[in-house]
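Biologist: I am new to this structure and would be grateful for a close look at a single part of it, namely the nonpolar core. Please describe that part and then what surrounds it.

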Amino acid sequence: TDLLDVDAVYNWTVRANNSVGYGEYADTFNFTVNSLVSLTLPTSSVNFGTLELGNNSNTTDDGPAPLKVENDGNILVNVSIYANETLWLQQPLNTSYFQFKADNSSEANSLNWSGSTQDWLNVSSFALPVIKQLNFSDATDMGEIELYVRVPTDEPSGTRTSTLVIEVEAS
């Protein structure tokens with residue numbers, strides 16, 4: 001029931017035993033459990049719908065749902081986020097008009113809360129850490145990335161999109 005160390009070599013051999021006694025040991029074999037970094041996005045897009053000038057919305061009330069990240073690997077991982085384009089025509093990235101933060105999912109204790117981004121932080125064009133040490137155990141391997149948007153008061157009407165890049169690395 002103990003977890004095996006990843007990237008470690010384990011040796012094993014066997015020998016038979018019957019009512020007469022023990023036989024000779026068989027050849028020694030070995031195996032390694034390789035570390036695996038694998039992240040999926042069960043919720044990979046957020047649609048804030050129609051917002052009026054100056055209004056704001058966020059995903060903390062699950063309407064709309066936040067981005068969900070799930071660690072499908074076998075090691076703790078750190079998650080970072082950035083945008084490759086601004087959301088607004090009148091406001092660049094790295095402003096309070098487009099922000100993110102980490103949150104727990106329905107799977108409590110999935111991440112290192114004190115090391116994760118707990119307060120709103122501006123989305124930028126370079127990777128910023130959001131989730132620290134996302135767990136890999138099935139019962140505790142999901143976290144959330146909450147998003148906040150505020151429409152600039154001088155923003156022209158129309159549909160707005162931005163692509164967020166989620167990066168993951170071994171913790």
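**The nonpolar core and its surroundings**

Modeller: In this predicted model, the largest nonpolar core consists of 26 residues. Those with the most contacts inside this core are F98, F100, V130, I131, I145 and L164. Five strands each supply at least two of the core residues: β5 (67–71), β6, β7 (98–104), β9 and β10 (142–150). As a general background, nonpolar side chains tend to be buried together in soluble globular proteins.

F98 serves as a useful point from which to look around the core. Leaving out residues up to four places away in sequence, F98 touches L87, W88, L93, L121, N122, V123, Y148, V149, S162 and L164. One of these partners, L164, is itself listed with F98 among the core residues that have the most contacts.

Two of the strands that supply the core, β6 and β9, also belong to a sheet. This sheet is open and has three strands, in the order β9-β6-β11, with antiparallel pairing. Its edge strands are β9 (128–134) and β11 (164–170), each of which pairs on one side only. From one strand to the next, the twist averages 20°. In general terms, the strands of a sheet pair through backbone hydrogen bonds, either parallel or antiparallel. Here, β6, which covers residues 77–83, is joined to β9 in the antiparallel sense over four bridges. Within that pairing, V77 has L134 of β9 as its bridge partner.

The next feature to consider is the largest pocket, whose volume is about 780 Å³. It is lined by 29 residues, and the closest to its centre are F48, G49, L87, R160 and T161. The elements that give two or more residues to this lining are β10 and β11. Strand β10 thereby appears in both descriptions, as a supplier of the core and as a contributor to the pocket lining. L87 likewise links two parts of the account: this residue is in contact with F98 and is listed among the residues closest to the pocket centre.

Several loops complete the picture, beginning with the one between β6 and β7, where L89 is placed. Is L89 buried or exposed? L89 counts as exposed because its relative accessible area is 60%, and the threshold for that class is over 50%. Neighbours within four places in sequence aside, L89 is in contact with E155, P156 and R160. The last of these, R160, is among the residues closest to the centre of the largest pocket. The C-alpha atoms of L89 and S157 are separated by 9.9 Å, although these residues are 68 residues apart along the chain.

The loop between β3 (39–43) and β4 (56–58) holds T50, and V46 lies in the loop between β3 and β4 as well. T50 counts as exposed because its relative accessibility is 75%. From T50 to the core residue L164, the C-alpha to C-alpha distance is 20 Å, with their positions 114 residues apart in sequence. V46 has a relative accessibility of 24% and therefore counts as partly exposed. Not counting residues up to four places away in sequence, V46 touches T59, P64, A65, P66, L67 and L147. The C-alpha atoms of V46 and N58, twelve residues apart along the chain, are separated by 9.9 Å.

P64, one of the residues that V46 touches, is found in the loop between β4 and β5. The peptide bond leading from G63 to P64 is cis, with omega near 10°. D62 has its place in the loop between β4 and β5 too, and its phi is positive, about 65°, although D62 is not a glycine. A positive phi of about 65° is also found at N109, likewise not a glycine. N109 lies in the loop between β7 and β8 (121–122) and counts as exposed because its relative accessible area is 66%.

Finally, L4 lies in the segment before β1 (9–12). With a relative accessibility of 43%, L4 counts as partly exposed. Beyond its neighbours within four places in sequence, L4 is in contact with Y10, F31 and V33. L4 and S124 are 120 residues apart in sequence, and their C-alpha atoms are 38 Å apart in space.

How values were computed. Residues are numbered from 1 along each chain as its sequence is written. This is a predicted model: local features need pLDDT of at least 70, side-chain atom pairs count only at pLDDT 80 or more; totals for chains, interfaces and linings use all residues. Side-chain values use heavy atoms; hydrogens and water are left out. Two strands pair if DSSP finds at least two bridges between them. Axes are lines fitted to C-alpha atoms, for helices over the stretch in contact, and angles run from 0 to 180 degrees between N-to-C directions. A nonpolar core is a set of buried Ala, Val, Leu, Ile, Met, Phe, Trp, Tyr and Cys residues joined through side-chain atoms within 4.5 Å. Buried means under 20% relative accessible area, exposed over 50%, partly exposed in between (1.4 Å probe, protein chains only). Contact means heavy atoms within 4.5 Å. On a 1 Å grid over the protein atoms alone, a cavity is a set of points where a 1.4 Å probe fits but cannot get out, and a pocket is an open set with protein on both sides within 12 Å along at least five of seven lines; lining residues have an atom within 4 Å of a point. Grid points are joined across faces, edges and corners, and a volume is the space filled by probe spheres set on the points.
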